[in-house]
Amino acid sequence: MILLINGRIGYSALTRQSSALAVDGDRILAIGSDAQILALATPNSQTIDLAGQTVLPGLTDAHLHMGMYSDFLQLIDCEVHSMQECLQKVKQRAAKLPADAWVLGHGWNQNTWQGQFGTAAELDAVSKGHPAFLTDKSLHSAWVNTAALRLAGIDASTPDPVGGIIQRDATGAPTGILFETAVLLVENIIPSLSPTQREQAYLVAQSQLISFGLTSVHDFDSLTSFETLLSLHSQGKLLLRVCKSIPFEKLDWAIEQGIRTGDGDDQLRWGSLKLFADGALGPQTAAMLRPYAGSTDKLGKLQLSADDVFETGIKASSHGISLAVHAIGDRATHEVLNGFGMLREYEKRHALPRLKHRIEHVQLLHPDNLKKAAQLDLVASMQPVHATSDMFTADLYWQERCRYAYAWKTLADAGTTLVYGSDAPVESPNPFWGIHAAVTRRRQDGSPSPEGWYPQEKISLQAALDGYTKQPAALVGFNTGALQVGKFADLLIIQENLDTIESQQLFTIQPQRRMLAGKWVG
C-alpha cells in the first residue's frame, strides 16, 4: 500500500479539501485527512510526505498520432523561423546519412515563411542526392525533392490523385509541394521500420508522453500502430492506456473481424472509425462556406458530404462502430453536423444504440451550427494549442469568422461534451501547454494581449482539467480520469498550487512523479 500525505488532493471541490490518498494495488483505496489515511497503514505500507504538493489524476491526450509522434522524435525539426534555417538543418542531416537513407523532417509552415513554399530544386541543393520528404506542421502537405519525385514516379504527366493536389509550375512540372492525398504518393514508398525498430521508437515516445503527465491517449494513427501497441502490450511494455481508432479504409476488415468500438481491455481498446471531411487551415485545404480572405474562389477541399457521413455511419453504426470525423473549416463542420443529424434519426428509427460519435478539431463553426453538436449528443474533440498556434494565420485567412473559431466556451455553454488533445506531432503533446492555451488563449510569450485571443472563448481551469481527465476517460470507458475510490491509480504529482498559480504560468508545470495502475513510472 502507498500512502500519500500532507498534500493537496486534486483540484475539484470534492477532493481539494483532502490532504491524503491511499493506493492499494492498482486502485485508489481511500481519500481523506492525513490521520484517516495513516490509520490504514500496514507493516508493508510506503508513506510519502508530499510536503504540500498537488496530486492530480493522470491526463489524457484525446487526439494524437502515436506512430507519427514516435517518428517525429527522430525527424529533423523543421518548425523554424525561416526556410534557410530549415534547409541548413537538411544539409547537416544529409551529411550524416548512409547512402540509401531518406532525409525526413516535419514542421515547416509556409505561413511563417511569408507564404513562401519551398521547391524541389532548393531541397536538391542541400540533400546530397538523398531523397527528401518533409511534412508540414499540419501534416496535410509535404515538401519533397527531385529524387523523391523520381522514386514515386511523379512528373508533369501524373494526374492529381483523388482528394489531393500536386503543386505545379507554369509548365505543369511538379514543384515539390504535395497536398492532402498526394502526400501519400511519396510517403507510401519510404522504407518502413522493422517491427523491432518501430517498437523501440514507440517506447521512446511512450516515455516522453508519460514525462509530460499523460497516462492515457486516443491514437489516430494507422493500423500498423495498433499492431505495434498490441505487441508491446503482450510483452508487458505498454504502460499508457490507449484507445486506438479504426482507419476508414479498414472498416470492412473491422466488420469482418467483429470489432466494435470499446472492445479490448483496460490497457488497449478500439475506438471510433476515423474519417476526413476536409484538410487544414495552414495549406488552405480546410473546406469553407465562403472563400479564404484575399481570394475570390479558394474554398479548400471538401472530402465528405453530409450524405457520405450518413452512409458510412449507417454501415459502421450497424456493427457497433462509432464515427470520429475530422472537420476544420465551417463548410466541413456544417456537412458533418448535417450528416450526424441524419445518422441520429436512422439510429432512432432502427433502435440502434446511440453511439458516442465525435467530431475531431471543430476549428470553425458557422453561427447557425453552434448548438448542433450538443443537440445531437456529439463529442467535440478539440486541441487548445491549435488556437494559440494558428491565431495569426486564422486572422489572416478567416478574419471576422474567427469569432467562432476554436469556440470551446460557446460549445460547452451549449451543452457539448469536450475532450482535449494535441494532434501530436502537429503540436507538442505536453498537456499543460494545452491547459494554458484553453484558459488564457495566449501564446507562451503572452501574445496577442493580456486578455487573450477572442477572450469570450476562454474556459476555467476546472473545465480545462475536466477535458483532459474525466471527459476523455468516460468517452472511451477507461476507469480513470478522476481521484475517486475504486478508480485506477493513474496520477501525477506537481509542485504548484492550482488555486494560486498565475494562469500565464500554467504551461511551465512539470510533473514531479507519475503513477500508472499503482506503480511509479517516473
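Trainee: Why is Lys128 called exposed?

Mentor: Exposed denotes a relative accessible area over 50%, buried under 20%, and partly exposed in between, with a 1.4 Å probe and protein chains only. Lys128 has a relative accessible area of 51%, so the residue is classed as exposed. This is a predicted model, in which local features need pLDDT of at least 70, side-chain atom pairs count only at pLDDT 80 or more, and totals for chains, interfaces and linings use all residues. Residues are numbered from 1 along each chain as its sequence is written, and side-chain values use heavy atoms, with hydrogens and water left out.

Trainee: What makes the phi of Lys128 notable?

Mentor: Lys128 is not a glycine, yet its phi is positive, at about 55°. Most residues other than glycine have a negative phi. Lys128 sits in the loop between helix 4 (120–124) and strand 10 (132–136); helices (H or I, at least four residues) and strands (E, at least two) are DSSP runs, numbered from the N terminus.

Trainee: Why is His361 called buried?

Mentor: The relative accessible area of His361 is 3%, therefore the residue is buried. His361 belongs to strand 18 (residues 358–361) and has a positive phi of about 90°, although it is not a glycine.

Trainee: Which residues does a cis peptide bond join ahead of helix 15?

Mentor: Ala424 and Pro425 are joined by a cis peptide bond, with omega about 10°. Pro425 lies in the loop between strand 20 (417–420) and helix 15 (431–440). The bond from Ser447 to Pro448 is also cis, with omega near 10°, and Pro448 is in the loop between helix 15 and helix 16 (461–468). Most peptide bonds are trans.
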